[in-house]
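Me: I should like to understand the terms used for this structure. Please set each value against its definition.

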Amino acid sequence: MRTHAWVVGWSTMFGLACALYLGEAQAQVITAGPNSCPAVALTYDLCPVRTASGFDRELIDFLIEHKVPATFFMSGRWMAKHDAEVKQLLAVPFFEIGTHGEVHAHLPMHEMKEQQQEIMGPVRLLKTQYGRPATLFRPPYGEYNDVTVEAVKALGLRFILWNIESGDPDPTLSADAILSRVKKRLKPGSVIVLHANGKGKHTREVTEALAGSLLGKKGLQAMTVSDLLRCNQTTTDPTR
């Protein structure tokens, strides 16, 4: 059984292990887009929280005001407590919505049926309450095993991880420290994981720096995950 857990300071073995899946045609775990694409995906997890605000409104306002494409991965428990915010995010044409499990469970600790139930919670809620299909899934904590991969495949979802973890929930990291770790790994096709649930103390600052100058200096632009995965050199502005 392969199990992968996201923690700040994980080793490069995570990326190497994930890469083993990339050749599996129908059960692919996606960590990045094509390196021929001059863009990156800014992705934000919306995990359930107890002590944070639950919604980083200043971050979202910045993304909307500056028309920065972004992808959000919502947990079912978070959605149940943030109906107005879900509707707001769904209404933005350059935002994309994925799911992030029902209660943010450690999936490898469960059997197939339980994993499918955890995965399907927010997928079902998006469809029944908001009339929107879900196509992207990100496992809580970035943890998965072979059963998870098969469960996601059976449910017809695309399995999205990342190749740059910002570490933004870590209260010991400054905005400069987060930007430094992102810059070291930043390259065409990168998928960056951040948080929009208020747990990232410097997430807005980091996002402003990325969208405001850093990406442009490197000849990159922001795209949603789906646009990044189908990107080529002639891709048009995704905000139009």
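**Aromatic rings and a buried helix face**

Reply: F94 has a relative accessibility of 8% and therefore counts as buried; buried means under 20% relative accessible area, exposed over 50%, and partly exposed in between, with a 1.4 Å probe and protein chains only. This is a predicted model, in which local features need pLDDT of at least 70 and side-chain atom pairs count only at pLDDT 80 or more, while totals for chains, interfaces and linings use all residues. Residues are numbered from 1 along each chain as its sequence is written, and side-chain values use heavy atoms, with hydrogens and water left out.

Me: Why is F95 called buried?

Reply: Its relative accessibility is 6%, so F95 is buried.

Me: What makes the pair of Y44 and F72 stacked?

Reply: Rings of Phe, Tyr and Trp (its six-membered ring) pair if their centres lie within 6.5 Å; planes under 30 degrees apart count as stacked, over 60 as edge-to-face and the rest as tilted. The centres of Y44 and F72 are 5.5 Å apart and the planes lie at 25 degrees, so this pair is stacked. Y44 belongs to strand β2 (residues 39-46) and F72 to strand β3 (residues 70-74), 28 residues apart; strands are DSSP runs (E, at least two residues), numbered from the N terminus.

Me: How do you know that Y44 is buried?

Reply: Y44 has 0% relative accessibility, and therefore counts as buried. F72 is buried as well, with a relative accessible area of 0%.

Me: Which kind of aromatic pair do F94 and F95 form?

Reply: The pair of F94 and F95 is edge-to-face, with 5.4 Å from centre to centre and 80 degrees between the planes. Ring pairs join Y44, F72, F94 and F95 in a cluster.

Conventions: Helix = DSSP H or I, 4+ residues; strand = E, 2+ residues; numbered from the N terminus.
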